[in-house]
Amino acid sequence: KTHSKGEPLDVEALGRSSWNLLHTISANYPDKPSNQQQSEMRQFLQLFSHIYPCSWCASDFEKYLKDHSPKLGSRDEFGRWMCEAHNEVNSKLNKETFDCNFWQKRWKDGWND
Ligand code: FAD
């Protein structure tokens, strides 16, 4: 059976799509962000944690943001912060954690040298 019209996302598909977006946003974050860029990203994450359409995911993420203030001083800092946030969810779901030293290879540069 084909689904050319598409289907609503379940929590897993929503999660995969969202991590794709969030890590790709961090991969495109400036190396030297202005105060405004840092402030906009802080606001985005805060709003994201309010509107994320999985209520228990959203409230856990909101709490994570409160306890672990986003590190927005550079691309690498932010990418690592996002990786650690994702690892927190991985642990909660008993998934393997990801080695955050490799976040740029996974989400920015690719694995090929
Ligand atoms: P995903 O966890 O979606 O990961 C996708 C890919 O990202 C992986 O294949 C891997 O290549 C890469 N990756 C994995 N870990 C990292 C990392 N730490 N850093 C960088 N890259 C990494 N689901 C629930 O059931 N309960 C929840 O409470 C919940 N909360 C969530 C909160 C947020 C903010 C988001 C975005 C998602 C949440 N999810 C939650 C969804 C969950 O995290 C997964 O997306 C979903 O279970 C699908 O998992 P997956 O195994 O396909 O890979």
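In what order do the elements of the protein run from the N terminus on? Colour the chain by secondary structure and follow it from that end: the elements run α-α-α-α-α. This is a predicted model, and it has five helices and zero strands. With the C-alpha trace alone on display, the protein spans about 50 × 40 × 30 Å along its principal axes.

**Stop 1: residues 7-107**

Select residues 7-107. UniProt lists this range, in an unreviewed entry, as "domain: ERV/ALR sulfhydryl oxidase". Within the selection the chain is 69% helix and 0% strand. A distance label between the C-alpha atoms at the two ends of the range should read 27 Å.

**Stop 2: α1 and α4**

Next select residues 11-27, which form helix α1, and residues 75-92, which form helix α4. The axes of these two helices come within 8 Å and cross at roughly 160°. The limit for roughly antiparallel is an angle over 145 degrees, so α1 is roughly antiparallel to α4. The crossing of α1 past α4 is left-handed.

Now show side chains at the contact. On the α1 side, pick Trp19, Leu22, His23, Ser26 and Ala27. Their counterparts on α4 are Arg75, Phe78, Gly79, Met82 and His86. Coloured by class, this contact has five nonpolar, four polar and one charged residues.

**Stop 3: α2 and α3**

Hide that pair and select residues 35-51, helix α2, together with residues 55-67, helix α3. Here the axes come within 7 Å, with a crossing angle of roughly 150°. This angle also falls under the rule for over 145 degrees, and α2 and α3 are therefore roughly antiparallel to each other. Their crossing is left-handed.

From α2, the contact takes Leu45, Gln46, Ser49 and His50. From α3, it takes Ala58, Phe61, Glu62 and Leu65. The classes in the contact of α2 with α3 are four nonpolar, three polar and one charged.

**Stop 4: the ligand**

Centre the view on the ligand and display the residues around it. Which of the 22 residues around the ligand come nearest? They are Gly15, Cys57, Cys83, His86 and Phe98. His86 was already on display at the second stop, as part of the α4 side of the contact with α1.

Colour the shell by element. Two or more residues each come from α1, α3, α4 and α5, the last of these being residues 103-109. Which element gives the largest share of the shell? Helix α1 does, with seven residues.

Finally, recolour the shell by class: 11 of its residues are nonpolar, six are polar and five are charged.

How values were computed. Residues numbered from 1 in each chain as written. Predicted model: local features only at pLDDT ≥ 70, side-chain atom pairs only at ≥ 80, totals over all residues. Axes fitted to C-alpha atoms, helices over the stretch in contact; angles between N-to-C directions. Helix = DSSP H or I, 4+ residues; strand = E, 2+ residues; numbered from the N terminus. Parallel < 35°, antiparallel > 145°, perpendicular 65-115°, else oblique. Left-handed = near helix turned anticlockwise from the far one by under 90°. Contact = placed C-beta atoms within 7 Å. Nonpolar A, V, L, I, M, F, W, Y, C, P; charged D, E, K, R; others polar. Near = placed C-beta within 6 Å. UniProt positions renumbered as here; feature names shortened; annotations may be inferred.
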